[in-house]
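Student: Please pick one part of this structure and look at it closely. After that, take me outward to whatever belongs with it.

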Amino acid sequence: MKIKGRLRRLQGEMAQSTSGQEWTFIDSQFLYVPVKLCRQLQKRAQSVGRDPALIFTFKTGYPFRPPMIYYYSTPVRNIYHSEELFAEDMTLISGTECLCCHSILCDNNWTWKYTIDDVIGEFKRITTLKVRVVERLFC
């Protein structure tokens, strides 16, 4: 899909978005999307003077291939990975051993039907799960 087609699709998604967030296109290749996270993560982000946001980078082949997504400068796939210390509790809470493998961002799970809102929703769910696991460990 050429850049014009990609932009047209993303503009359509933005018009139908239910996230209530304002999206910003940067150089026709990047999309900046502010996100509202769970209370603990929202506070942490504000304490360091940052607004939580996802940066989408669209590879050749989007929407047939998933975009690369970053939270600040960290790839979202790295965030989805659970350290060994948290793995057992994460499996209990999420019902899956590998969040990355079950993510819609996995190449094997991605389909052109997924939207930016789907990705945002998954990111919020997974980060909330990770906060719960940390709370369980320290309680």
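**A salt bridge and its surroundings**

Tutor: D107 and R77 form a salt bridge in which the closest N and O atoms are 3.8 Å apart. The term stands for a side-chain nitrogen of Lys or Arg within 4 Å of a carboxyl oxygen of Asp or Glu. The pair links distant parts of the chain, 30 residues apart: D107 is in the loop between α5 (99-102) and α6 (116-138), and R77 is in helix α3 (residues 76-80). Helices and strands here are DSSP runs numbered from the N terminus, with H or I over at least four residues for a helix and E over at least two for a strand.

The model is predicted, so local features need pLDDT of at least 70 and side-chain atom pairs count only at pLDDT 80 or more, while totals for chains, interfaces and linings use all residues. Residues are numbered from 1 along each chain as its sequence is written, and side-chain values use heavy atoms, with hydrogens and water left out.

R77 is partly exposed because its relative accessible area is 35%. On this scale, found with a 1.4 Å probe on protein chains only, buried is under 20%, exposed is over 50%, and partly exposed is in between. As a general point, side chains of opposite charge can pair when their charged atoms come close.

The structure holds two salt bridges. Besides D107 with R77 there is E13 with R9, where the closest N and O atoms are 2.8 Å apart. E13 and R9 both belong to helix α1 (residues 3-16) and are four residues apart, about one turn of the helix. E13 counts as buried because its relative accessibility is 9%.

Now back to R77, which also lines a cavity, together with P67, M68, I69, P75, V76 and L105. β4 (68-71) and α3 are the elements that give two or more residues to this lining. A cavity is a set of points, on a 1 Å grid over the protein atoms alone, where a 1.4 Å probe fits but cannot get out, and its lining residues have an atom within 4 Å of a point. Grid points are joined across faces, edges and corners, and the volume is the space filled by probe spheres set on the points. The count comes to one cavity of 30 Å³ or more, and the largest cavity has a volume of about 50 Å³. Its lining divides into six nonpolar residues, no polar and one charged. Nonpolar covers Ala, Val, Leu, Ile, Met, Phe, Trp, Tyr, Cys and Pro, charged covers Asp, Glu, Lys and Arg, and polar covers the others, Gly among them.

The loop that carries D107 also contains S103. S103 is buried because its relative accessible area is 1%. Not counting residues up to four places away in sequence, S103 touches Y80, N109 and E122, where contact means heavy atoms within 4.5 Å. The C-alpha atoms of S103 and F123 are 9.3 Å apart, although their positions lie 20 residues apart along the chain.

Y80 also appears among the contacts of I126, along with L99, once neighbours within four places in sequence are left aside. I126 is found in helix α6 and counts as buried because its relative accessibility is 6%.

The other side of the cavity story is β4, and the loop between β4 and β5 (74-75) holds Y72. Phi of Y72 is near 55 degrees, a positive value in a residue other than glycine. Most residues other than glycine have a negative phi, and most peptide bonds are trans. The peptide bond from Y62 to P63 is cis, with omega near 15 degrees, and P63 lies in the loop between β3 (53-57) and β4.

Y72 also belongs to a ring pair: its ring centre and that of Y71 are 4.5 Å apart with the planes at 50 degrees, so the pair is tilted. Rings of Phe, Tyr and Trp (its six-membered ring) pair if their centres lie within 6.5 Å; planes under 30 degrees apart count as stacked, over 60 as edge-to-face and the rest as tilted. Y71 counts as buried because its relative accessibility is 13%, whereas Y72 is partly exposed at 25%.

Terms used: On a 1 Å grid over the protein atoms alone, a cavity is a set of points where a 1.4 Å probe fits but cannot get out, and a pocket is an open set with protein on both sides within 12 Å along at least five of seven lines; lining residues have an atom within 4 Å of a point.
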